[in-house]
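Colleague: I should like to learn how to read the features of a model of this kind. May we go through them in turn?

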Amino acid sequence: MAMNGNVPMMKFLLDRILPKERPIQLELPPLDMANDSVDAMAEIVAAVSSGRISPREAADVAQLVSAFTRAIDSTDAQMEIDLLKEKLGGLSIDLKGNFGANSAKS
């Protein structure tokens, strides 16, 4: 049927024959800090512009970069919280913003 020009059948067969995903080669800069994601996104856009990857592939890679960046951000935030806790030592802050030597009310 496809050989006789049946377009829906052609699409059906091509969907079955062609791979859904393909491995892509993309040189991204190291993502050591969250702001490194800007350079990574620029490389992704350049790859789409030059036709090396499809917009769908770019969206998938950008999602990975974004998730990795969020992981860096949350790790950095946790490290800052831990550092502040260490600097404050035994001090605590109650919900009203009052400082105290411990969490119990005086």
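Colleague: At 23% relative accessibility, does Glu-43 count as buried, partly exposed or exposed, and what places it there?

Modeller: A word first on the source: this is a predicted model. Residues under 20% relative accessible area are buried, those over 50% are exposed, and the rest lie in between. Glu-43 therefore counts as partly exposed, with its relative accessibility of 23%.

Colleague: With which residue does Glu-43 form a salt bridge?

Modeller: The general idea is that side chains of opposite charge can pair when their charged atoms come close. Here the partner of Glu-43 is Arg-52, and their closest N and O atoms are 3.0 Å apart. Arg-52 is likewise partly exposed, at 42% relative accessibility.

Colleague: How many salt bridges does the count come to?

Modeller: The count comes to two. Besides the pair just described, Arg-56 forms a salt bridge with Asp-60, where the closest N and O atoms are 2.5 Å apart. Arg-56 is exposed, at 55% relative accessible area, whereas Asp-60 is partly exposed, at 33%.

Colleague: How are Arg-56 and Asp-60 placed relative to each other in helix H3?

Modeller: In general, an α-helix has 3.6 residues a turn, so residues three or four places apart point the same way. Arg-56 and Asp-60 are four residues apart in helix H3, which means that about one helical turn separates them.

Colleague: How should the overall architecture be read, and in which order do the elements of the protein chain run?

Modeller: One lists the elements from the N terminus on, which gives α-α-α-β-β. The protein chain thus has three helices and two strands. Of its 106 residues, 17% count as buried. The accessible surface comes to about 8700 Å², and carbon and sulfur atoms account for 61% of that surface.

Colleague: Which residues make up the largest nonpolar core?

Modeller: This core has ten residues, including Leu-26, Leu-31, Ala-40, Ile-44 and Val-65. Helix H2 (37-49) and helix H3 (55-88) each supply at least two of its residues. The largest share, four residues, comes from H3. For a single member, consider Ala-40: setting aside residues up to four places away in sequence, Ala-40 touches Leu-28, Pro-29, Leu-31 and Val-65.

Colleague: What can be said of the length of H3, and how does its span compare with the expected value?

Modeller: H3 has 34 residues and reaches 49 Å from its first C-alpha to its last, close to the 50 Å expected at 1.5 Å a residue. Just after H3, Gly-89 takes a positive phi of about 65°.

Colleague: Against which element do the buried residues of H3 pack?

Modeller: The buried residues of H3 pack against H2. Among them are Glu-57, Ala-58, Val-61 and Thr-69. Thr-69 is buried, with a relative accessible area of 12%. Apart from neighbours within four places in sequence, Thr-69 is in contact with Ala-34 and Ser-37.

Colleague: To turn to the surface, which residues form a nonpolar patch there?

Modeller: The patch consists of Phe-12, Leu-13, Leu-14, Ile-17 and Leu-18, which together have about 490 Å² of accessible area. One of these residues, Ile-17, lies in helix H1 (residues 7-17). Ile-17 is exposed, because its relative accessible area is 64%.

Methods: Residues numbered from 1 in each chain as written. Predicted model: local features only at pLDDT ≥ 70, side-chain atom pairs only at ≥ 80, totals over all residues. Heavy atoms only, no water. Core = buried A, V, L, I, M, F, W, Y, C linked by side-chain atoms within 4.5 Å. Buried < 20%, exposed > 50% of the residue type's maximum accessible area, 1.4 Å probe, protein only. Contact = heavy atoms within 4.5 Å. Salt bridge = Lys/Arg side-chain N within 4 Å of Asp/Glu carboxyl O. Patch = residues over 30% accessible without salt bridge, like charges linked within 9 Å, V, L, I, M, F, W, Y side chains within 5 Å. Areas by Shrake-Rupley, 256 points an atom, 1.4 Å probe, with all protein chains shown as cover. Expected span 1.5 Å × (residues − 1).
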